[in-house]
Amino acid sequence: MQLLLLRRLVTSMAKVSDFKLIDIGANLTDPMFKGIYHGKQVHEADLEAVTQRAFDTGVAKVIITGGSLKDCQDALNLAKTNDRFYCTVGCHPTRCLEFDQTDGMTADEYFHKLLAICQANAKSKVVAIGECGLDYDRLQFCPKDIQKK
């Protein structure tokens, strides 16, 4: 039913070029865009080709998702390579163990490093806070009591 509704919506819409499309959750820091799956090189990096296809089909802007401190820095660095790239800063709930396990940092130090990335780039490349929240569907990555902290 949903597929039928989506198909009707798409076929009845004006041309895609009439809309300004923004990908609001691009996980472009994932190793798969470097051709790496489960730690093994499977193909050559294809990030440029993937993003070019998106731009060619009407995507005007891309917001790269940061899900950990390292991920946020990588997302920011990637965002700085293209005028159409922006990023988020946050810590995905499945990665929240990093608040206590990153290079001997305290949770407050980890948080302040995330905050510093936001403050230093808020008028340029950082456009949203996220990933954040609670994820009780994947407790194998981070227990509920740690997420609630």
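## The disulfide

Cysteine 96 and cysteine 142 are joined by a disulfide, with an S to S distance of 2.2 Å. The model is a predicted one. A search of the whole structure finds one disulfide. In general terms, such a link is a covalent bond between the sulfur atoms of two cysteines.

The two cysteines sit in loops: cysteine 96 is in the loop between β5 (85–89) and α4 (98–101), while cysteine 142 is in the loop between β6 (126–129) and α6 (144–148). The pair therefore ties together parts that are 46 residues apart in sequence. The torsion about the S-S bond of cysteine 96 and cysteine 142 is about -85°, so the disulfide is left-handed. Both cysteine 96 and cysteine 142 are buried.

## Cysteines 72 and 87

Why is there no bond between cysteine 72 and cysteine 87? The closest cysteine sulfur to that of cysteine 72 is in cysteine 87, at 7.3 Å, which is too far for a bond. Seen from the other side, the sulfur of cysteine 87 has cysteine 72 as its closest cysteine sulfur, again at 7.3 Å and too far for a bond. For comparison, a disulfide needs the two sulfur atoms to be within 2.5 Å.

Cysteine 72 is buried, and its relative accessible area is 0%. Cysteine 87 is also buried, with a relative accessible area of 0%.

## The largest nonpolar core

The largest nonpolar core has 24 residues, and the members that touch the most others are Leu28, Val62, Ile64 and Phe85. At least two residues of this core come from each of α2 (47–56), β4 (59–64), α3 (69–79), β5 and α5 (107–121). Helix α3 gives the largest share, six residues. As a general background, nonpolar side chains in soluble globular proteins tend to be buried together.

What does isoleucine 64 touch, not counting residues up to four places away in sequence? Its contacts are Ala26, Leu28, Thr29, Ala75, Leu78, Ala79, Phe85, Tyr86, Cys87 and Thr88. Two of the names in that list, Leu28 and Phe85, also appear with Ile64 among the core residues that touch the most other members. Cys87, another contact of isoleucine 64, is the cysteine whose sulfur lies 7.3 Å from that of cysteine 72.

## Salt bridges

How many salt bridges does the structure hold? There are three salt bridges. Side chains of opposite charge can pair when their charged atoms come close.

One of the salt bridges joins the side chains of aspartate 74 and lysine 70, at 2.7 Å from N to O. Both residues lie in helix α3, four residues apart, or about one turn of the helix. Aspartate 74 counts as partly exposed at 29% relative accessibility, whereas lysine 70 is exposed, with a relative accessible area of 58%.

Another is formed by the side chains of arginine 95 and glutamate 98, where the N to O distance is 3.2 Å. Arginine 95 is partly exposed at 32% relative accessibility, and glutamate 98 is partly exposed at 23%.

Arginine 138 pairs with aspartate 135 in a salt bridge whose closest N and O atoms are 2.7 Å apart. Is aspartate 135 buried or exposed? Aspartate 135 is buried, with a relative accessible area of 10%. Its partner arginine 138 counts as partly exposed, at 37% relative accessibility.

Terms used
Residues numbered from 1 in each chain as written. Predicted model: local features only at pLDDT ≥ 70, side-chain atom pairs only at ≥ 80, totals over all residues. Heavy atoms only, no water. Buried < 20%, exposed > 50% of the residue type's maximum accessible area, 1.4 Å probe, protein only. Core = buried A, V, L, I, M, F, W, Y, C linked by side-chain atoms within 4.5 Å. Contact = heavy atoms within 4.5 Å. Salt bridge = Lys/Arg side-chain N within 4 Å of Asp/Glu carboxyl O.
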